[in-house]
Amino acid sequence: MRNLKRVWTLFLSLALVLSLCIPAYAAVEDTGFSDVAADAWYAEFVVYCRDNGLMAGASGTTFSPDTPTTRAMMATILYRLAGTPAVSGTDSYTDTQPGAWYSGAVLWASQNGVVSGYGNGLFGTNDPLTREQMATMLWRYSGSPSANAGSDFADESGIASWADTAVDWARENGYMGGVGANLFQPQGQATRAQMATILTRYHQDAETPVTPEPEPEPEPEDGETLVAYFSATGNTEGIAQHIQTILDTDLYEIVPEDPYTSEDLNYSNNDCRANQEQNDPNARPAISGSVENMEDYDVVFLGYPIWWGQAPKIIHTFLESYDLDGVTIVPFCTSGSSSIGSSATNLQSLAPNANWLSGQRFSGSASQDTVASWVEGLDLPEASADTEDTQTQLRLTFEGGEAVVVLEYNATTRDFLTMLPTTLTFEDYAGSEKISYLTQDLSTADAPANYDPQVGDVTLYEPWGNLAIFYGDAGSSSGLVPMGRVISGLELLSGMDGEFEVSVAVME
Ligand SMILES: Cc1cc2nc3c(=O)[nH]c(=O)nc-3n(C[C@H](O)[C@H](O)[C@H](O)COP(=O)(O)O)c2cc1C
């Protein structure tokens, strides 16, 4: 058992490390600037901008994070981003100085349509850059792309018409969000720390190689859906039956040739069969019978219980038994408290040419309604050839930036969605959670008996009626209901001090 405990501990550690790695930014030990503390929320962005030559310090040793960005600074930043191309000529503004540190940048920006001045011969060289100007310059620099309007900010009417598309674009691409309470504050000033944050997002996005969209798999005629599942003690079977009822599909139970006894499943015994199999990469428990007409199915829901954080090895046997090329596989699982974690993605190599959707974890007692709201949110081939995963994502916007949460589907999140959009007040709890008391009760029908929260987990703590977002270690607890995970921005959220407002909205 000691080995298995090690495996389990290693798994938990890996999950922790992976969850910490989800944000693209690294922790900073020493920023090199005397006025940028290593634990400041913007430290990594400042360092990123300096290391990538996007922003220089205000002096050799300081960055002036709280100083407003000026229009000349913004022109210089974009000029650097463009690679500081050679320029010739002089600009037509009356408030720029020839030979100044910004001259080449302002000339380049005006010649390339990135800035257009105030229209009265003035550039506003040392004027603080407003947030709508910042969005507009970045947007113009990007070639003035079109953008989806999305939902309005509360102060949308205050955004200048020339900045309208730019603000939509900046928000749609995740470069700039609101500042809290669904406000964009178009005329608000952008500090250099905020500038570094936005620029980092923009630069990292641009640095990410664009993967061509895969050609959608041709949909087989008369494609059908199968729900295949393995269930040792009946929990996963219940969820599989819900899916069958909801979609009126075929149902196939993966039955082991050698059925599992309760002693086989006694995971506190080191040598129990289930533990041995999970510990053996080559274990492939035999299946009794087979799906006769697998070629008729173009969607396979694949259900299993979580065993030591992973799918039981019999699921490996199942996947290796069929040609699943082009089939859309929708994993789902049940567990005592673990999330689906890496269990589904680790299966993908066993059917590498299948189209894998994101998996979903349910508690064994999840209701048919809960399962139905998940199924209805899936973009299955019957509805569309576009098989992009459509898990509901929430955008959390606060003064220090934004975070994105992927929601689980359960009775609690279904109730929570009816409250959105909303603005919540968060505060720190125990140095490991950001919590917010809700004014409305949420259902806990699908709550596990105990839940062991991982870093990044978004939960409801039912006894106190508060949301809890974990950014540090905390023990397992009863009354905690998993609601989803923060997939980006956790370090920004955890860096917020005192009470702070967070606007929460479903992402388009
Ligand atoms: C060998 C074994 C290992 C398990 N490991 C975990 C685990 O890592 N995390 C967890 O939350 N539950 C774990 N469980 C509990 C099951 O995932 C849970 O009871 C599941 O709902 C059982 O589904 P079933 O009734 O369809 O077999 C484990 C159960 C067994 C038998």
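Helix axes here are lines fitted to C-alpha atoms over the stretch in contact, and angles run from 0 to 180 degrees between N-to-C directions. With that in hand, let's work through some exercises on this predicted model.

**Exercise 1. Describe how α5 and α6 pack, and decide which class their angle falls into.**

Step 1: Start with the geometry. Helix α5 covers residues 131-141, and its axis lies 8 Å from that of α6 at an angle of about 80°.

Step 2: Classify the angle. Values of 65 to 115 degrees count as roughly perpendicular, so α5 and α6 are roughly perpendicular to each other.

Step 3: Find the residues that meet. From α5 come Ala-135, Thr-136, Leu-138 and Trp-139, while α6 supplies Thr-165, Ala-166, Val-167, Trp-169 and Ala-170.

Step 4: Look at burial in α6. Helix α6 spans residues 164-172, and its buried residues include Ala-166, Val-167, Trp-169 and Ala-170. Asp-168 and Arg-171 of this helix are buried as well.

Step 5: See what comes after the helix. Gly-174 follows α6 and has a positive phi, near 80°.

**Exercise 2. Repeat the analysis for α8 and α11, adding the handedness of the crossing.**

Step 1: Helix α8 (residues 235-247) packs on helix α11 (residues 368-377) with the axes 9 Å apart and an angle of about 60°.

Step 2: An angle of about 60° is not in the 65 to 115 range for roughly perpendicular, and α8 is therefore oblique to α11.

Step 3: The crossing of α8 past α11 is right-handed.

Step 4: On the α8 side, the contact involves Ile-239, His-242, Ile-243, Thr-245, Ile-246 and Leu-247. On the α11 side, Gln-368, Val-371, Ala-372, Trp-374 and Val-375 take part.

Step 5: Move on to the loop between α8 and β2 (250-253), where Thr-249 sits. Thr-249 has 7% relative accessibility and so counts as buried. Beyond its neighbours within four places in sequence, Thr-249 is in contact with Thr-225, Val-227, Ile-243 and Gln-244.

**Exercise 3. Trace the barrel and check three of its strand pairs.**

Step 1: Eight strands close into the barrel, in the order β9-β10-β15-β13-β14-β12-β11-β16, with antiparallel pairing. From one strand to the next, the twist averages 35°.

Step 2: Take β9 (residues 393-398) with β16 (residues 500-506). These strands pair in the antiparallel sense over four bridges, and Leu-394 stands opposite Val-506.

Step 3: On to β11 (residues 422-429), which pairs with β16 in the antiparallel sense over five bridges. Here Phe-426 has Phe-500 as its bridge partner.

Step 4: Finish with β13 (residues 457-461) and β15 (residues 480-488), which run antiparallel and are joined by five bridges. Asp-457 stands opposite Arg-485 in β15.

**Exercise 4. Is Met-496 buried or exposed, and which residues does it touch?**

Step 1: Locate Met-496 in the loop between α13 (490-494) and β16.

Step 2: Its relative accessible area is 9%, so Met-496 is buried.

Step 3: Not counting residues up to four places away in sequence, Met-496 touches Phe-398, Glu-399, Gly-400 and Lys-434.

Step 4: Compare sequence and space. Met-496 and Asp-428 are 68 residues apart along the chain, and their C-alpha atoms are separated by 8.4 Å.

**Exercise 5. Examine the backbone at Gln-185, Ala-430 and Pro-421.**

Step 1: Recall the background: most residues other than glycine have a negative phi, and most peptide bonds are trans.

Step 2: Gln-185 has a positive phi, near 50°. This residue is in the loop between α6 and α7 (192-207), and at 39% relative accessibility Gln-185 counts as partly exposed.

Step 3: Ala-430 also has a positive phi, near 60°. Its loop runs between β11 and β12 (433-437), and with a relative accessible area of 63% Ala-430 is exposed.

Step 4: The peptide bond joining Leu-420 and Pro-421 is cis, with omega about -5°. Pro-421 lies in the loop between α12 (411-417) and β11.

**Exercise 6. How many disulfides does the structure hold, and are Cys-272 and Cys-333 buried or exposed?**

Step 1: Searching the whole structure turns up zero disulfides.

Step 2: Buried requires under 20% relative accessible area. Cys-272 is at 3% and is therefore buried; Cys-333, at 0%, is buried too.

Methods: Residues numbered from 1 in each chain as written. Predicted model: local features only at pLDDT ≥ 70, side-chain atom pairs only at ≥ 80, totals over all residues. Heavy atoms only, no water. Disulfide = S-S within 2.5 Å. Buried < 20%, exposed > 50% of the residue type's maximum accessible area, 1.4 Å probe, protein only. Pairing = 2+ DSSP bridges. Helix = DSSP H or I, 4+ residues; strand = E, 2+ residues; numbered from the N terminus. Parallel < 35°, antiparallel > 145°, perpendicular 65-115°, else oblique. Left-handed = near helix turned anticlockwise from the far one by under 90°. Contact = heavy atoms within 4.5 Å.
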